[in-house]
Amino acid sequence: VHLVESGGGLVQAGGSLRLSCAASGRTFSSYAMGWLRQAPGKEREFVAAISNSWSGGSKRYADSVKDRFTISRDNAKNTVYLQMNSLKSEDTAVYYCAAAAEYSDYVPVRATRFASWGQGTQVTVSS
C-alpha cells in the first residue's frame, strides 16, 4: 500500500493540527494504520494506531499524547487522520503514517510491526 501524508506545518504551542494520510488500493479497510514520529537525534516512536475495520477499529495511544491526539479513519476515502490538539514543543518531529500487513488482527504499537511507510510530514511547534 502506498501512503502519502499531508497537513504538517508550523503551529504555536497550544494550537492544533490535523494530519491526513491517503492510501492507495481497494482494501484500505483491511489494514491497521498508525502514526509514528521522529524528532532530531531521537529514535522513531509510536504515537497512535487504529486496527483494521474487521477488528473493530480499536485504538491505542502513546502516553505522551493520550487525551490530546485522536486517530481516526475514513475507509470510504482511504484516509487515516491524526487530530493533534494542545500541541507542545516536544511534539515537534517528522510524523510518519504507516500500515501493518494486510489483514493483521492487532493494533501495532512498535515500529517493527508496520510494513509500509509514508514519506513523512514535518510538524513544528513553537513555544
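Let's start at a turn. In the hairpin of β4 and β5, Gly41 takes a positive phi near 75 degrees. Six residues sit between the two strands of that hairpin. Keep in mind that what we have here is a predicted model.

Now the strands on either side of that turn. β4 covers residues 33–38, and it pairs with β5 in the antiparallel sense. Five bridges hold that pairing. One contact to find on screen: Met33 stands opposite Ile50 in β5.

Stay with β5. What does β5 pair with besides β4? The partner is β6, residues 59–61, again in the antiparallel sense, over three bridges. Here Ile50 turns up once more, standing opposite Lys59 in β6. So how enclosed is β5, residues 45–50? Five of its six residues are buried, so the strand is largely enclosed by the rest of the structure.

Next, the open sheet. It has four strands, in the order β1-β3-β8-β7, and the pairing is antiparallel. The edges are β1, residues 3–6, and β7, residues 69–74. Each edge strand pairs on one side only. From one strand to the next, the twist averages 15 degrees. As a reminder, strands of a sheet pair through backbone hydrogen bonds, either parallel or antiparallel.

Let's go into the middle of that order. β3, residues 17–23, runs antiparallel to β8, residues 79–84. Six bridges join them. Look for Leu19: its bridge partner in β8 is Leu82.

Then move from β8 to β7. Six bridges join these two as well, and they run antiparallel. Arg73 stands opposite Val80 in β8. The hairpin of β7 and β8 has four residues between the strands. Within that hairpin, Asn78 takes a positive phi near 55 degrees.

β7 has two faces. Which residues lie on the covered one? Phe69, Ile71 and Arg73 do. Thr70, Ser72 and Asp74 make up the uncovered face.

On to the aromatics. The structure holds two aromatic pairs. One of them is Tyr96 with Trp117, and that pair is edge-to-face. The rings are 6.4 Å apart, centre to centre, with 80 degrees between the planes. Why does this pair matter for linking the chain? Tyr96 lies in β9, residues 93–99, and Trp117 in β10, residues 116–117, so the pair ties together parts that are 21 residues apart in sequence.

Are the two residues buried or exposed? Tyr96 counts as buried, because its relative accessibility is 14% and the limit for buried is under 20%. Trp117 is partly exposed, with a relative accessible area of 30%. Phe114 joins them: Tyr96, Phe114 and Trp117 form one aromatic cluster.

Last stop, the largest pocket. Its volume is about 170 Å³. What kind of residues line it? By class, the lining has eight charged, two polar and two nonpolar residues. Among the charged ones are Arg37, Lys42, Glu43 and Asp91. The lining also includes Ser64, Thr92, Ala39 and Ala93. Glu45 is there too, and 45 is where strand β5 begins.

To close, three places to look at again. Find Ile50, opposite Met33 and opposite Lys59. Find Arg73 on the covered face of β7. And find Tyr96 and Trp117, the edge-to-face pair.

Conventions: Residues numbered from 1 in each chain as written. Predicted model: local features only at pLDDT ≥ 70, side-chain atom pairs only at ≥ 80, totals over all residues. Heavy atoms only, no water. Pairing = 2+ DSSP bridges. Axes fitted to C-alpha atoms, helices over the stretch in contact; angles between N-to-C directions. 1 Å grid on protein atoms, 1.4 Å probe; cavity = no way out; pocket = protein on both sides within 12 Å on 5 of 7 lines; lining within 4 Å. Points joined across faces, edges and corners; volume = space filled by probe spheres on them. Buried < 20%, exposed > 50% of the residue type's maximum accessible area, 1.4 Å probe, protein only. Phe/Tyr/Trp six-rings, centres within 6.5 Å; stacked < 30°, edge-to-face > 60°.
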